[in-house]
Amino acid sequence: MSDNTNKPLLSIRKLSAGTESKPILHDIDLDVFSGETHVLMGPNGAGKSTLGHVVMGDPVYKISHGSICFDGADITAEAADKRSLAGIFLSYQAPVEVPGVPLYSFLRTITQMRPELKTTARKFRTRVGEICEQLDMDQGFLTRELNVGFSGGEKKKVEMLQLLLLQPKLAILDETDSGLDVDALSVVSRGIEAYRKDCDGALLMITHNTRILERLDVDSTHVMVKGHLVAKGPASMIDDIDKNGFGQFEALLDKSEAANQGGEDA
Ligand SMILES: Nc1ncnc2c1ncn2[C@@H]1O[C@H](COP(=O)(O)OP(=O)(O)OP(=O)(O)O)[C@@H](O)[C@H]1O
Ligand SMILES: [Mg+2]
């Protein structure tokens, strides 16, 4: 449920960003309030994952213009670890493998780093066990090296395990549904639903698949084309995209670019 009486939890203003050599995001404005669920859609290569990484503070990307505020603070120049501690979580489209670090130790470390989540070893073990059960995940995974040799679907479940353990204020889920079989999809959907209900966290879901959204009350849908957010609408816009594709939105961008060009030429 959204609470629009307060300030946005995440407020992005006039943000342009990219790699050293390639501008990717242009003039992005986005507000997400606590407890809201936003969906970000767009064609392949539009810049959706880049936006997630830029909000998380991935140093690969440089911000050339604009600002990002989170929970009342300007975090535009903050490092990723500070943003994580402030309550931003990004589940990666392609989770990284970390040889030599057992999953359980990793989870314990990231939890202990948060003063509000610090707990005894016993309580922690119990909580992890509960979440594994919730996610239909074999606890044998906990002793394996983080993501090493995990299947695509198993890696996505590990991301969900982190989400439910950390209970961030804002979760950006980048194609958390991709590569999941039908049963895993419903387990992960239930996990996301639990996150939303248990801690009233805000969600920014990047997805190409509308099934994952069926259990969620979507507040806003955004469409990104060529690094621009070109449309914002209600949940019903997702069905429209499903039926009619992104052509209509690409046309919108072409039109606005042509209008700008006309203005410059005049
Ligand atoms: N580190 C990078 N170096 C070079 N180019 C990059 C980098 N990251 C992103 N890009 C480019 O920026 C564009 C946007 O990529 P991004 O991964 O954000 O797209 P996306 O909308 O998430 O696409 P998809 O739906 O396929 O996941 C692409 O052309 C991509 O090749
Ligand atoms: Mg992507």
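This is a conversation about reading helices, strands and a ligand shell in a predicted model.

Colleague: Let's start with the sheet. Which strands form the open sheet, and in what order?

Modeller: A sheet is read by following who pairs with whom. Here four strands make an open sheet, ordered β2-β1-β4-β5, with antiparallel pairing. At its edges are β2 (23-32) and β5 (73-74), each of which pairs on one side only.

Colleague: How many bridges join β1 to β4?

Modeller: Seven bridges link β1 (residues 10-18) with β4 (residues 62-70), and the two run antiparallel. To get the register, look for L10, which stands opposite F70 in β4.

Colleague: Which helix packs on that sheet?

Modeller: That is α1 (residues 48-56), which touches β1, β2 and β4. The direction of α1 makes about 70° with that of β2.

Colleague: V54 belongs to helix α1. Is V54 buried or exposed, and why?

Modeller: Burial is a matter of counting neighbours. V54 is buried because 25 other C-beta atoms lie within 10 Å, and the cut-off for buried is 20 or more. Leaving out residues up to four places away in sequence, V54 touches A17, L25, Y61 and I63. You can also check V54 against T76: they are 22 residues apart along the chain, yet their C-alpha atoms are separated by 9.1 Å.

Colleague: And the ligand? Which element gives the most to the shell around ligand 1?

Modeller: Again it is α1, with three residues. The shell holds 13 residues, of which N44, A46, K48, S49 and T50 come nearest. Sorted by class, the residues around ligand 1 are three nonpolar, eight polar and two charged.

Colleague: How do I check a helix's length? What should helix α4 span?

Modeller: Compare the expected span with the distance between the end C-alpha atoms. Helix α4 (residues 121-134) has 14 residues and should span 20 Å at 1.5 Å a residue; its end C-alpha atoms are 20 Å apart, so the two agree. Just after α4, look at D136, which takes a positive phi of about 55°.

Colleague: What does the same check give for helix α5?

Modeller: For α5 (residues 152-166), with 15 residues, the first and last C-alpha atoms are 22 Å apart, close to the expected 21 Å. After α5 comes Q167, with a positive phi near 45°.

Colleague: Which residues of α5 are buried, and what covers them?

Modeller: Start with the general idea: an α-helix has 3.6 residues a turn, so residues three or four places apart point the same way. In α5 the buried residues are K156, K157, V158, E159, M160, L161, Q162, L163, L164 and L166. Their cover includes β6 (88-91), α3 (103-112), α4, β9 (170-174) and α6 (182-199).

Colleague: Now a strand. How many residues of β11 are buried?

Modeller: Six of the six residues in β11 (residues 220-225) are buried. For a strand, take the two faces separately: S220, H222 and M224 lie on one side, T221, V223 and V225 on the other, and both faces are covered.

Colleague: What does β11 pair with?

Modeller: One partner is β3 (residues 37-41), which runs parallel to β11 with four bridges between them; there M41 has V223 as its bridge partner. Another is β12 (residues 228-233), paired with β11 in the antiparallel sense over five bridges, with M224 opposite L229.

Colleague: What lies between β11 and β12?

Modeller: Two residues separate the strands of this hairpin, and K226 in the turn has a positive phi of about 45°.

How values were computed: Residues are numbered from 1 along each chain as its sequence is written. Chains are lettered from A and ligands numbered from 1 in the order in which they are written. This is a predicted model: local features need pLDDT of at least 70, side-chain atom pairs count only at pLDDT 80 or more; totals for chains, interfaces and linings use all residues. The expected span of a helix is 1.5 Å times one less than its number of residues. Two strands pair if DSSP finds at least two bridges between them. Two residues are in contact if their C-beta atoms, placed from the backbone, lie within 7 Å. Axes are lines fitted to C-alpha atoms, for helices over the stretch in contact, and angles run from 0 to 180 degrees between N-to-C directions. A residue is near a molecule or strand if its C-beta atom, placed from the backbone, lies within 6 Å of it. Ala, Val, Leu, Ile, Met, Phe, Trp, Tyr, Cys and Pro count as nonpolar, Asp, Glu, Lys and Arg as charged, and the others, Gly among them, as polar. A residue is buried if 20 or more other C-beta atoms lie within 10 Å of its own, exposed if 12 or fewer, and partly exposed in between; C-beta atoms are placed from the backbone.
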